Amino acid sequence: MRLTRTERMMLRGDMGEACRRSMELLLAIADAYGYGKLIKIRSAHISGISYKNIGDSGLEFIRDLAESGGFVRVKATMNPCGFDLDKPWLFDVDEEFYKKQMEIVRLLKLMGVEETLTCTPYYAGNNPREGDHIAWAESSAVIYSNSVLGAYTDREGGPSALAAALTGRAALTPAHTDEGRMPEVKVKVHYKPRDYADWGLLGYVVGMREPRLIPLLEGVKAGSRDELKYLSAGFGASSSAPMFWLKRGEGCEGGVIEVDVSEVKSVREKWSLTRRPTVVFIGCPHCSLKELRSIAEELKEKKVRRDVKLLISTSRSVYERAVKEGVEEVIRRSGGLLVKDTCLIVSPMRLSKSDVILTDSAKTAHYAQTMTRAMIALGGRRRCLREAVES
Amino acid sequence: MSKRSRRVVTYRCRGLVKGRAMGEALVSSRPISFLGGVDPSSGVIVERGHDLEGLSVAGKVLIIPHGKGSTVGSYVLYSLAKRGLAPSAIVTVKVDLMTLTGCVISGITLLDGVPREALADIKCRSRVEVDGFKGLLKVHLG
């Protein structure tokens, strides 16, 4: 294996035990899946933050790394945790959960990871440039940074992204090379997404059709950044590929498949709304400021129904700006809950069989159907807000 | 692929995490999810309907097609290892990121590349040796 002098020192333990263990993990991944080499990265984004997901085992691992002197060598950010750190009571958090979640966040901060607590680090100062090599976990952010921002990252897991942060390296795998990122299947899309829910659904359907291949999407107009964010999240929920292509001069050598309205419709029907929602969830991935402005516009002078919980999630960096602009106040006055640091899926919020969740995110719908017993419905943003307020 | 001597069958695999181990084989042709599928406090497989349900992985050589599920499963292996309840080695047909990560951070010897047919041929409880340096799996017959 070809290692630089610094990398050899890291592997020997000259830079501390946490760094040595991280190096060991990256080299094993490089051996198994890559070209037996590491690559320097500019940033890391770490998933597996919520105590609900990683439990005592994950906490134990993070504690051991922190106690053996781990410290980040590049910019590193955190995915969402189990609750809004300023409003834990909204999420059915008990004392044990609260303490352990705070401990996870504290240990990661101790190692120099920024307390961003968002799945949209690109709205929170971790903004890769075209051509940057990075090591990100969180599928929606991986797909977005590869496909929209033009950065290079594989789909890291929580532990490997943390190891990458502590060493400033990632395993050199196909996703980090131009050859490994060539489109493998052309997808002719005969469907025009009209709102965020449609964009997420389109990504989800494309990923379902060929879940291992990198697709080149044809017939999709370049959407706004927010629209592409939803496309990325939906795609990441059903595909294991690291990215999609929207435009590529050389075309694609693989086969051709077609996706039309009927396929999108059949998924949508599975998630149709048949009863009044008890929870309306918006913000997967976390809302941008632009989205919050338009939500506030819709909610102005309206009242959220008393039998509905309207939950809108965003990152703390966007939340602060929303407070300054008065957007947060409009949402609060309507009775909507604007929260940060978390989301429906990673929070321990109790959802029973009698709950009906209405969301405009295909990703949330996908995970909620396996992680809760509630009924799941997907609707456009307008529909979501209309169902949440008094008529 | 396999070399038959009198009472030992040897499979040539790829050593992914170095080390040597010996123990009883725990074999399944179905993948295992460690997150939710194995109890981290006891090492017992709890996935409903799995053919190994109710058996403990502790000290065994686990021979499976691959792991499945979230990379969080790696942490479960780590927890098991700290309590002395981890498998002594894992042998897979094709390794996945979760199992690889879990074995590296927990120091569990890991091989991949065992032929799929071997999953049917190797009997549960047979005595096996794993050499992660040379990438060898030896199964003692009878």
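Between domain 1 of chain A and domain 2 of chain A, about 1,100 Å² is buried, 60% of it on carbon and sulfur atoms, where buried area is the accessible area, taken with a 1.4 Å probe, that two parts lose on being put together, summed over both. I should say at once that this is a predicted model, in which local features need pLDDT of at least 70 and side-chain atom pairs count only at pLDDT 80 or more, while totals for chains, interfaces and linings use all residues. Residues are numbered from 1 along each chain as its sequence is written, chains are lettered from A and ligands numbered from 1 in the order in which they are written, and side-chain values use heavy atoms, with hydrogens and water left out.

To place that interface, chain A is divided into domain 1 (5-176), domain 2 (182-268) and domain 3 (271-388), with bounds that come from an automatic or database domain assignment. The C-alpha centres of domain 1 of chain A and domain 2 of chain A lie 27 Å apart, and the contact, meaning heavy atoms within 4.5 Å, takes 15 residues from domain 1 of chain A and 14 residues from domain 2 of chain A. I143(A), Y144(A) and R155(A) supply 40% of the area that domain 1 of chain A buries against domain 2 of chain A, more than any other three residues.

What holds for salt bridges across the interface of domain 1 of chain A and domain 2 of chain A? The rule, which asks for a side-chain nitrogen of Lys or Arg within 4 Å of a carboxyl oxygen of Asp or Glu, finds zero salt bridges there. There are, however, six residue pairs in polar contact between these two domains, both residues being at pLDDT 80 or more; a polar contact is a pair of N or O atoms within 3.5 Å, where within protein one must be able to donate a hydrogen and the other to accept it, and residues adjacent in sequence count only if both atoms are side-chain atoms.

Still in this region, S139(A) sits in helix α5 (residues 139-147) of chain A, helices being DSSP runs of H or I of at least four residues and strands runs of E of at least two, numbered from the N terminus. S139(A) has a relative accessible area of 15% and is therefore buried, a word that means under 20% relative accessible area with a 1.4 Å probe, protein chains only. Leaving aside neighbours within four places in sequence, S139(A) is in contact with R155(A), G236(A) and K363(A).

Turning to the chains, 19 residues of chain A are in contact with 20 residues of chain B, and the two chains bury about 1,700 Å² between them, 62% of it on carbon and sulfur atoms. In chain A, Y33(A), S57(A) and E60(A) lose the most area to chain B, together 28% of what that side buries. The count between chain A and chain B is three salt bridges, and E60(A) forms a salt bridge with R83(B), with the closest N and O atoms 3.4 Å apart. Nine residue pairs are in polar contact across this interface, both at pLDDT 80 or more. On the side of chain A that touches chain B, α2 (17-33), α3 (51-67) and α6 (158-167) each supply at least two residues, and α2(A) gives the most, with eight residues.

Finally, C287(A) is found in strand β9 (residues 279-287) of chain A and counts as buried because its relative accessibility is 0%.

Terms used. Buried < 20%, exposed > 50% of the residue type's maximum accessible area, 1.4 Å probe, protein only.
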